[in-house]
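Reader: I am new to reading protein models and would like to go through this one slowly, with the reasoning spelled out at each step. Could you take my questions one at a time?

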Amino acid sequence: MEVADSALTVELCTDETEFGSLATAWARLHRRCRTATPFQSHAWLHSWWLSYGTRGRLRVVLVRKDGELVAAAPLMRAYVPFPALVPLGGAISDFTDVLLDDAFADEAAAALADGLSELARTALIDFREVRSGAAVERIYESWQGPRLRLVDSLCLELPAASMEELLGRLPAPRAQRARAKIRKIDALGVERRIVRHDEVDASVRTLLHLHQLQWQGRKVTSEHLQERFSEHLIRSVGLMVRSGDAVVTEFRLDDAVVAADLTLLSPHLVGGYLYGAHPRLRERKVDVATMLLNACAQHAEGDRSRVLSLLRGNEPYKHHWRPEEAVNHRLLLARGRTAPVLRAAAWDAAARSRGKEFLRKRRDRQERRKQS
């Protein structure tokens with residue numbers, strides 16, 4: 001597919017070597033797209049493809065203006081449970097989106113929509129985990145064919161404030177307990193250090209090892225223990241640290257690394273993605289969540305254009321900080337021929353939602369029986 005419109009050209013990249021060669025141009029576009037998150041960086045997406053992609057299924061729509069990349073939609077072909085084009089990044093990415101150059105957003109979005117419309121003739125376009133205000137919403141709003149917006153995951157967000165300001169949001173007794181936890185961490189002598197870019201690979205390996213230790217014998221996201229996830233994280237994070245899209249922090253106690261944290265950075269959000277903590281911290285009554293939030297807040301402090309994102313998940317410990325709810329959405333785009341696939345996807349999503357609600361109610365009943 002190649003479509004020309006005055007100085008704009010639309011191309012379809014299906015070759016992974018060509019996709020890999022786009023790193024420099026992609027980075028320029030990523031910096032010029034105000035809605036971009038680190039999950040749309042070339043380092044993250046290309047590394048993800050190398051770990052999770054299937055040969056022959058790459059579909060990256062590119063829009064150029066006078067040769068310069070001004071829009072991109074990183075997609076791949078999927079067949080289960082229905083023919084679809086889905087964003088690169090998969091389930092390990094908290095947000096998906098397209099990239100639009102802010103200086104040419106209207107014309108770039110129109111050209112990108114044309115390219116996506118061609119692809120939608122044979123497959124549903126299915127964007128999961130779309131953050132409010134994402135660039136792809138511009139495509140959705142102007143889409144000429146069948147479309148549907150569904151609710152996806154819940155994210156929780158805090159303001160970009162100092163730790164003292166975050167404590168000020170809490171009821172006085174809870175704030176006092178949190179301050180006591182911070183004083184305990186300081187009294188133990190836990191030292192925090194930002195990892196240099198040339199140390200990142202080794203530090204990420206340490207993080208993954210600590211992550212495995214901390215969840216040993218407990219329920220954990222199984223993908224985080226897979227070799228392909230480790231390879232992806234080690235390969236991508238060093239590049240992201242160099243470009244300012246990520247920071248790795250180590251916490252040392254008694255001359256040993258006892259915790260490590262990966263925080264993702266963009267002009268509008270700071271988000272703690274993954275951490276690992278040695279069980280000895282629990283044994284010494286260290287509140288790891290408070291320790292990590294204290295460190296993460298420093299990356300966002302004072303920048304009111306940012307939020308401190310706790311990313312996806314509705315875990316109870318996150319609510320201790322009185323965050324605001326931010327709902328991701330799922331955007332489905334089709335043409336007349338693929339409209340039946342859109343309806344099938346909507347039915348499947350509704351059925352899964354009902355199933356989850358049924359399981360939640362059953363767990364609640366079982367919990368009430370245990371307590372009675």
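**Strands, rings and cores**

Author: We can begin with one pairing in this predicted model: the residue in β13 that is the bridge partner of P159 is V307.

Reader: In which sense do β8 and β13 pair?

Author: Strand β8 covers residues 147–159, and the bridge between P159 and V307 in β13 is one place to look. Four bridges join β8 and β13, and the sense of their pairing is antiparallel.

Reader: Which residue of strand β12 has V307 in β13 as its bridge partner?

Author: Strand β12 spans residues 269–277, and it runs parallel to β13, to which three bridges join it. For V307 in β13, the bridge partner that belongs to this pairing is L269.

Reader: How many of the six residues of strand β13 are buried?

Author: A residue counts as buried when its relative accessible area is under 20%. Strand β13, residues 307–312, is largely enclosed by the rest of the structure, because the number of its six residues that are buried is five.

Reader: Is D152 buried or exposed?

Author: D152 is found in strand β8, and, leaving aside its neighbours within four places in sequence, it is in contact with R128, E129, V327, N328, H329 and R330. The side chains of D152 and R128 are also joined by a polar contact of 2.8 Å. Since the relative accessible area of D152 is 16% and the cut-off is under 20%, D152 counts as buried.

Reader: What about E325 in strand β14: is E325 buried or exposed?

Author: E325 lies in strand β14, residues 324–333, and, apart from neighbours within four places in sequence, it is in contact with L154, C155, L156 and H319. The C-alpha atoms of E325 and E157 are separated by 6.4 Å, with their positions 168 residues apart along the chain. Because the relative accessibility of E325 is 55%, and the cut-off is over 50%, E325 counts as exposed.

Reader: What kind of aromatic pair do F39 and F95 form?

Author: By the rule used here, the count of aromatic pairs comes to six. In the pair of F39 and F95, the rings are 6.1 Å apart centre to centre, with 70° between the planes; because an angle over 60 degrees counts that way, the pair is edge-to-face.

Reader: How many residues apart are F39 and F95?

Author: The pair links distant parts of the chain, with F39 in the loop between α2 and α3 and F95 in the loop between β5 and β6. F39 is buried at a relative accessible area of 2%, and F95 is buried as well, at 3%. Along the chain, the two are apart by 56 residues.

Reader: Which residue lies over the face of F95?

Author: F95 belongs to one aromatic cluster together with F39, W44 and Y273. At 5.6 Å from the ring centre of F95, and over its face, lies R131.

Reader: Which residue's backbone oxygen lies 2.4 Å from a polar atom of the side chain of T96?

Author: T96 lies in the loop between β5 and β6, and because its relative accessibility is 7%, it counts as buried. Not counting residues up to four places away in sequence, T96 touches Q40, P87, F127, R128, E129 and V130. The backbone oxygen at 2.4 Å from its side chain belongs to R128.

Reader: How many residues are in the largest nonpolar core?

Author: In soluble globular proteins, nonpolar side chains tend to be buried together. Within the largest core here, F19, W26, L233, L262 and Y273 touch the most other members, and the residues in that core number 47.

Reader: What is the phi of K285?

Author: K285 is found in the loop between α10 and α11, and at 64% relative accessibility it counts as exposed. Although K285 is not a glycine, its phi is positive, at about 65°.

Reader: Which residue is joined to V80 by a cis peptide bond?

Author: The residue in question is found in the loop between β4 and β5. The omega of the bond is about 0°, and the residue joined to V80 is P81.

Methods
Residues numbered from 1 in each chain as written. Predicted model: local features only at pLDDT ≥ 70, side-chain atom pairs only at ≥ 80, totals over all residues. Heavy atoms only, no water. Buried < 20%, exposed > 50% of the residue type's maximum accessible area, 1.4 Å probe, protein only. Polar contact = N/O pair within 3.5 Å; in protein donor to acceptor, adjacent residues only side chain to side chain. Contact = heavy atoms within 4.5 Å. Phe/Tyr/Trp six-rings, centres within 6.5 Å; stacked < 30°, edge-to-face > 60°. Lys NZ or Arg CZ within 6 Å of the ring centre and 35° of its normal. Core = buried A, V, L, I, M, F, W, Y, C linked by side-chain atoms within 4.5 Å. Pairing = 2+ DSSP bridges.
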